[in-house]
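Work through the exercises below with the sequence and the 3D view open. Try each task before reading its solution.

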Amino acid sequence: MKFALDEQQRDFAASIDAALGAADLPGAIRAWSAGDTGPGRKVWEQLTDLGVTALAVPEKFDGIEAHPVDLVVALERLGRWCVPGPVAESIAVAPVLLAADERCAALASGELVATVAFPPHAPRAVDADSAGLVLLVTDDGVAEAELVGGSGDRHESVDPSRPLYDVAPTGQPWRADVGRAFEFGALATAAQLVGAAEALVRDTVDYAKQRAQFGRVIGSYQAIKHKLADVHIAIELARPLLYGAALSLEPRDVSAAKAAASEAGLLAARSALQTHGAIGFTQENDLSLWLLRVQALRSAWGTPEAHRRRVLEAL
């Protein structure tokens with residue numbers, strides 16, 4: 001049997017690509033890294049208009065309550081364009097943790113952006129300084145949280161646009177389906193990694209067609225062709241695992257998808273840097289933004305090693 005996205009899902013992905021392709025995402029990412037979230041917030045407003053922020057929100061709170069496959073479709077495109085902000089946390093995880101809370105309506109409408117700390121795999125909250133709601137998962141459930149000490153120590157991520165903060169609970173915890181929330185976080189991160197890997201390989205193929213060495217474009221050399229083909233294969237191996245995990249939401253399947261997506265992202269990043277040369281890692285080159293994002297997302301919501309361990313334990 002052959003499983004494929006239906007026409008509506010493909011159109012949804014195309015609409016996200018059209019909107020984000022017209023935005024200055026590299027400028028928004030650099031501004032976010034410098035502490036100016038304004039340009040990035042405008043990108044989030046576009047996502048709200050497309051219904052992305054409402055995908056996982058229950059219908060009773062004006063959400064779409066879409067199938068996880070639709071969520072993966074969207075998150076893969078957001079990874080493709082390297083959207084800044086707590087994407088997995090606010091769009092995928094927070095709606096699960098707030099499933100019975102009226103604040104879900106604010107998530108759906110884009111009025112509220114949330115972030116989540118989920119020890120041990122996500123011990124610090126990304127963008128906790130700019131998020132409207134910070135949640136912390138503990139052994140007792142879920143609680144609202146704030147930066148430790150009121151201002152918090154900023155921990156620099158490998159990706160400057162993803163600052164991390166230690167947070168502490170501020171109120172009484174409530175019960176939530178934290179297991180399902182974690183699977184959504186890992187799945188959403190895996191989807192972003194697949195999208196980022198796709199962006200990297202496309203950019204690298206275009207560059208290989210233009211850069212000349214020894215009188216020939218480097219894309220004509222077999223070594224370059226094989227390297228980029230390996231990336232394509234890694235992405236196409238990860239994508240079925242990703243969508244299979246969206247269908248089942250079984251921990252083993254989610255971990256297999258996250259591990260495969262992490263490896264595809266790493267291979268794409270290495271191949272892109274090797275093909276571009278050192279210029280690809282300079283701050284002036286937009287490629288560096290995707291290279292750093294992949295490195296950050298590989299360890300977000302569980303390292304590849306941790307997810308391989310979960311797969312092994314499930315077998």
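The exercises concern a predicted model, and each task is followed by its solution.

**Exercise 1. The annotated spans**

Task: Find which residues UniProt lists for the N-terminal and C-terminal domains, and give the helix content of each span.

Solution.
- Step 1. Start with the record. An unreviewed UniProt entry carries the annotation "domain: Acyl-CoA dehydrogenase/oxidase N-terminal" for residues 7-96.
- Step 2. Look at the secondary structure there. Residues 7-96 are 67% helix and 0% strand. The end C-alpha atoms of this span lie 27 Å apart.
- Step 3. Move to the second annotation. The unreviewed entry lists "domain: Acyl-CoA dehydrogenase/oxidase C-terminal" at residues 180-314.
- Step 4. Repeat the check. Residues 180-314 are 79% helix and 3% strand. Here the end C-alpha atoms are 17 Å apart.

**Exercise 2. The nonpolar cores**

Task: Identify the residues with the most contacts inside the largest nonpolar core, and the helix that gives the most to this core.

Solution.
- Step 1. Size the core. The largest nonpolar core has 91 residues.
- Step 2. Pick out the residues with the most contacts inside it. They are Leu20, Val52, Leu78, Val83, Leu200 and Trp301.
- Step 3. Find the main contributor. Helix 7 (residues 178-208) gives the most to this core, with 16 residues.
- Step 4. Note the other core. A second, separate core of nine residues includes Ala125, Val134, Ala145 and Tyr165.
- Step 5. Zoom in on Leu200. Setting aside neighbours within four places in sequence, Leu200 touches Gly265, Ala268, Ala269 and Ala272, among others. Its further contacts are Leu287, Trp290, Leu291 and Val294.

**Exercise 3. The cavity and helix 5**

Task: Describe the lining of the largest cavity, and decide whether helix 5 is enclosed.

Solution.
- Step 1. Count and size. There is one cavity of 30 Å³ or more. The volume of the largest cavity is about 60 Å³.
- Step 2. List the lining. It consists of Val83, Gly85, Val87, Ala88, Glu89, Arg162, Thr189, Gln192, Arg293, Leu297, Ala300 and Trp301.
- Step 3. Sort by class. Six lining residues are nonpolar, three are polar and three are charged.
- Step 4. Assign to helices. Helix 5 (87-97), helix 7 and helix 10 (287-299) each supply at least two lining residues. Helix 5 gives the most, with three.
- Step 5. Test helix 5 for burial. A residue is buried at under 20% relative accessible area. Eleven of the eleven residues of helix 5 are buried, so this helix is largely enclosed by the rest of the structure.

**Exercise 4. Gln192, a lining residue**

Task: Place Gln192 in the fold and find what it contacts.

Solution.
- Step 1. Locate it. Gln192 lies in helix 7.
- Step 2. Check exposure. Gln192 has a relative accessible area of 4%, so it is buried.
- Step 3. Find contacts beyond four places in sequence. Gln192 meets Leu75, Gly79, Val87, Ala88 and Leu297.
- Step 4. Compare chain and space. Gln192 and Ala74 are 118 residues apart along the chain, yet their C-alpha atoms are separated by 9.0 Å.

**Exercise 5. Backbone features in loops**

Task: Locate the cis peptide bond, then place Leu249 and Trp301, residues with positive phi.

Solution.
- Step 1. Find the cis bond. It joins Pro119 and Pro120, with omega about 5°. Pro120 sits in the loop between strand 1 (114-117) and strand 2 (125-126).
- Step 2. Take Leu249. Its phi is about 55°, although it is not a glycine. Leu249 is in the loop between helix 8 (222-248) and helix 9 (251-276). Leu249 counts as buried because its relative accessibility is 16%.
- Step 3. Take Trp301. Its phi is near 55°. Trp301 is in the loop between helix 10 and helix 11 (304-314). At 2% relative accessible area, Trp301 is buried.
- Step 4. Link back. Trp301 also lines the largest cavity.

**Exercise 6. A loop residue and a pocket**

Task: Is Glu102 buried or exposed? Then describe the second largest pocket.

Solution.
- Step 1. Place Glu102. It is in the loop between helix 5 and helix 6 (104-109).
- Step 2. Apply the cut-off. Exposed means over 50% relative accessible area. Glu102 has 66%, so it is exposed.
- Step 3. Turn to the pocket. The second largest pocket has a volume of about 290 Å³. Of its 16 lining residues, the closest to the centre are His121, Arg162, Leu164, Ser299 and Ala300.
- Step 4. Sort the lining. It divides into ten nonpolar, three polar and three charged residues.

Key: Residues are numbered from 1 along each chain as its sequence is written. This is a predicted model: local features need pLDDT of at least 70, side-chain atom pairs count only at pLDDT 80 or more; totals for chains, interfaces and linings use all residues. Side-chain values use heavy atoms; hydrogens and water are left out. UniProt positions are given in the numbering used here, feature names are shortened, and annotations may be inferred rather than shown by experiment. Helices (H or I, at least four residues) and strands (E, at least two) are DSSP runs, numbered from the N terminus. A nonpolar core is a set of buried Ala, Val, Leu, Ile, Met, Phe, Trp, Tyr and Cys residues joined through side-chain atoms within 4.5 Å. Buried means under 20% relative accessible area, exposed over 50%, partly exposed in between (1.4 Å probe, protein chains only). Contact means heavy atoms within 4.5 Å. On a 1 Å grid over the protein atoms alone, a cavity is a set of points where a 1.4 Å probe fits but cannot get out, and a pocket is an open set with protein on both sides within 12 Å along at least five of seven lines; lining residues have an atom within 4 Å of a point. Grid points are joined across faces, edges and corners, and a volume is the space filled by probe spheres set on the points. Ala, Val, Leu, Ile, Met, Phe, Trp, Tyr, Cys and Pro count as nonpolar, Asp, Glu, Lys and Arg as charged, and the others, Gly among them, as polar.
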